[in-house]
Amino acid sequence: MPVAKPQAGQTLLDPSNHTLIMIDHQSQMAFATKSIDPVQLRNNTALVAKAAREFKVSTILTTVAEKSFSGPLFPEITSVFPDVAAIDRTTMNTWEDGRIAERVNAIGKDKIVLAGLWTSVCIVGPALSALDQGFQVYVIADACGDVSSEAHERAMERMVQLGARPMTSLQYLLELQRDWARGESYNETVATSIAHGGGYGLGLIYAKTMFGASEGH
């Protein structure tokens, strides 16, 4: 008989146990993205970036052919990480760029969280490569997108079949917060949820306005 203990499972994410890699959230890549509305994609990307900054998650930003073809990163990312220089690549598979491997090894976390464009190329490549090398891989599905819903869904299935763990942008934020009694991050988590959490954010506005709700008490 297993024994229940009041502690988090080992596969859950916390701020200190993973590296976030945000890949190719760039204008040219977004133009052809059809699996998710671009407004929603930018909103979810902002949520992920703000969550990572709030909880001081080790974060790598990377682009492909930024100056010659794909354009700059979304401002939702650069405004959150103004001092983080993106690694600009020629490789479609981020994991094949030696600078990425060097950063991942220097950070030293065995969990890798991925988000980016397009799912079937720029996320599948590093996801399968990292899994093959023994890393645990998580994919923030709604902060990714592809040229069609079919392309995105088949890519997600392919990664999950080989062990990747799918999640959403709001799930990522709330998994890092984990406990509403964590006062040091409470206010910013609520602010990010209100700004980018859709109906959940509206619910927070309502509860706090109407009866001063406070989840931690």
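**Exercise 1. Classify Glu188 by accessibility, then find its salt-bridge partner and place both residues.**

Step 1. Glu188 has a relative accessible area of 31%, so it is partly exposed. The model is a predicted one. The class follows because partly exposed covers the range between under 20% (buried) and over 50% (exposed).

Step 2. Look for the partner. The side chain of Glu188 meets that of Arg53 in a salt bridge, at 3.4 Å from N to O. This passes the test, because the cut-off is 4 Å.

Step 3. Place the pair. Glu188 sits in helix α9 (residues 183-196) and Arg53 in helix α2 (residues 38-54). They are 135 residues apart, so the bridge links distant parts of the chain.

Step 4. Classify the partner. Arg53 has a relative accessible area of 37%, so it is partly exposed too.

**Exercise 2. Analyse the salt bridge between Arg89 and Asp24: give its distance, its location and its burial.**

Step 1. Start with the distance. The closest N and O atoms of Arg89 and Asp24 are 2.8 Å apart.

Step 2. Locate both ends. Arg89 belongs to strand β3 (residues 87-89). Asp24 belongs to the loop between β1 (18-23) and α1 (27-31). The pair therefore ties together parts that are 65 residues apart in sequence.

Step 3. Check burial. Arg89 has a relative accessible area of 2%, so it is buried. Asp24 is at 0%, so it is buried as well.

Step 4. Find a residue that touches both. Thr63 has Asp24 and Arg89 among its contacts, along with Gln26, Leu73, Ala86, Ile87 and Asp88. Thr63 lies in strand β2 (residues 58-64). With a relative accessible area of 0%, Thr63 is buried.

**Exercise 3. Describe the salt bridge between Arg154 and Glu157, and the network around it.**

Step 1. Take the geometry. The two side chains meet at 2.9 Å, N to O.

Step 2. Take the spacing. Both residues lie in helix α7, three residues apart. That is about one turn of the helix.

Step 3. Take the accessibility. Arg154 is partly exposed at 35%. Glu157 is partly exposed at 41%.

Step 4. Extend the pair. Shared partners join Glu150, Glu153, Arg154 and Glu157 into one salt-bridge network.

Step 5. Set the total. A search of the whole structure gives seven salt bridges.

**Exercise 4. Asp142 is a buried acid. Which side chain of opposite charge is nearest, and what does the Asp142 side chain reach?**

Step 1. Locate the residue. Asp142 is in the loop between β5 (136-140) and α7 (149-161).

Step 2. Search for a charge partner. The nearest side chain of opposite charge is Arg42, 15 Å away. A salt bridge is ruled out, because the cut-off is 4 Å.

Step 3. Search for a polar partner. The Asp142 side chain reaches the backbone nitrogen of Ser169 at 2.7 Å.

Step 4. List the surroundings. Leaving out residues up to four places away in sequence, Asp142 touches Ile36, Leu41, Asn44, Met167, Thr168 and Ser169.

**Exercise 5. Identify the residues of the nonpolar surface patch and justify including Ile205.**

Step 1. Name the members. Ile194, Leu202 and Ile205 make a nonpolar surface patch of about 250 Å².

Step 2. Place Ile205. It lies in helix α10 (residues 198-211).

Step 3. Check its accessibility. Ile205 has a relative accessible area of 38%, so it is partly exposed. It passes the patch filter on this count, because the filter asks for over 30%.

Conventions:
Residues are numbered from 1 along each chain as its sequence is written. This is a predicted model: local features need pLDDT of at least 70, side-chain atom pairs count only at pLDDT 80 or more; totals for chains, interfaces and linings use all residues. Side-chain values use heavy atoms; hydrogens and water are left out. Helices (H or I, at least four residues) and strands (E, at least two) are DSSP runs, numbered from the N terminus. Buried means under 20% relative accessible area, exposed over 50%, partly exposed in between (1.4 Å probe, protein chains only). Lys and Arg count as positive and Asp and Glu as negative; His and the chain ends are not counted. A polar contact is a pair of N or O atoms within 3.5 Å; within protein, one must be able to donate a hydrogen and the other to accept it, and residues adjacent in sequence count only if both atoms are side-chain atoms. Contact means heavy atoms within 4.5 Å. Patches are made of residues with over 30% relative accessible area and no salt bridge: like charges are joined within 9 Å, nonpolar side chains (Val, Leu, Ile, Met, Phe, Trp, Tyr) within 5 Å. Accessible areas come from the Shrake-Rupley method with a 1.4 Å probe; for residues, only the protein chains shown count as cover.
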